[in-house]
Amino acid sequence: MKSLAVAFTGPSDSGKTTLILKVANILKNGHALAIIKNDPSDKAIFDVEGKDSWKFSQTGAEVVITSPTRTTLFSKHQKSLDEIIDMVGSFDFLLVEGLKNLPLPRIAIFRNKLDVDYFDCSDAIAIDESVNVSDYDLPSHIAILDLNNPEQVVAWILKNAKKVK
């Protein structure tokens with residue numbers, strides 16, 4: 001297993017999830033994938049109130065639900081990247097959405113305008129024709145990728161992803 005990781009970041013509704021899905025659909029051919037999505041506002045709902053798994057998780061315990069087709073962990077504790085990587089097991093590529101503070105190669109996604117606050121934590125930007133890069137003083141280390149060309153994004157990932165285990 002290659003155990004390579006890359007992160008995606010950007011403002012809400014910039015297209016992070018869409019790009020990650022396109023990249024994952026290309027990489028899945030011949031590669032084991034893992035995806036981590038950060039939920040900074042803690043609004044995602046994964047369990048249904050009243051079900052056994054919800055009742056168990058209300059105790060504060062680490063709850064694992066297993067079935068013939070999947071294993072689900074309900075944790076009431078934030079996990080570090082290393083802990084999550086250990087839980088995920090072996091993979092070729094780990095795609096992380098969000099978590100700007102992680103030391104991973106990072107692609108920032110933008111539509112309509114760039115947010116210069118992302119430049120410090122980004123190694124590449126993925127944009128479409130709605131962004132005119134000549135309007136910005138882009139740091140020289142940042143690669144410019146076509147948001148609508150997932151093959152180009154995958155090529156950048158293959159060259160720049162970081163070995164994480």
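## Helix α1 and its buried side

In this predicted model, helix α1 takes in residues 16-27 (helices being DSSP runs of H or I with at least four residues, strands runs of E with at least two, both numbered from the N terminus). Its 12 residues should span 16 Å at 1.5 Å a residue, and because the end C-alpha atoms are 16 Å apart, the model agrees with that expectation, the expected span being 1.5 Å times one less than the number of residues.

Lys16, Leu19, Ile20, Val23, Ala24 and Leu27 of α1 are buried, a word that stands for under 20% relative accessible area, with exposed meaning over 50% and partly exposed in between (1.4 Å probe, protein chains only). These residues cover an arc of only 135 degrees around the axis, so they lie on the same side of α1; the arc is that of the directions from the helix axis to the C-beta atoms. Among the elements covering them are β1 (4-9), β2 (33-37), β5 (93-97), β6 (106-110), β7 and α4 (150-160).

## Packing of α1 with α4

Helices α1 and α4 pack at an angle of about 70 degrees, with their axes 9 Å apart, and they are therefore roughly perpendicular to each other (the term applies from 65 to 115 degrees). The contact, meaning heavy atoms within 4.5 Å, is made on the α1 side by Leu19, Lys22, Val23, Ile26 and Leu27, and on the α4 side by Pro150, Glu151, Val153, Val154, Ile157 and Leu158.

## Loop residues with positive phi

Aspartate 13, in the loop between β1 and α1, has a phi near 65 degrees, a positive value in a residue other than glycine. Aspartate 13 counts as exposed, at 75% relative accessibility.

Asparagine 112, placed in the loop between β6 and β7, likewise has a positive phi, of about 70 degrees, although it is not a glycine. Asparagine 112 is exposed, with a relative accessible area of 59%.

## Two valines in loops

Valine 133 lies in the loop between β7 (124-127) and β8 (143-146) and is partly exposed, at 26% relative accessibility. Leaving aside residues up to four places away in sequence, valine 133 touches Ile125, Ile127 and Ile144.

Valine 116 is found in the loop between β6 and β7, where it is partly exposed, with a relative accessible area of 47%.

## Basis of the values

Residues are numbered from 1 along each chain as its sequence is written, and side-chain values use heavy atoms, with hydrogens and water left out. Local features need pLDDT of at least 70 and side-chain atom pairs count only at pLDDT 80 or more, while totals for chains, interfaces and linings use all residues.

Note on methods:
Axes are lines fitted to C-alpha atoms, for helices over the stretch in contact, and angles run from 0 to 180 degrees between N-to-C directions. Angles under 35 degrees count as roughly parallel, over 145 as roughly antiparallel, 65 to 115 as roughly perpendicular and the rest as oblique.
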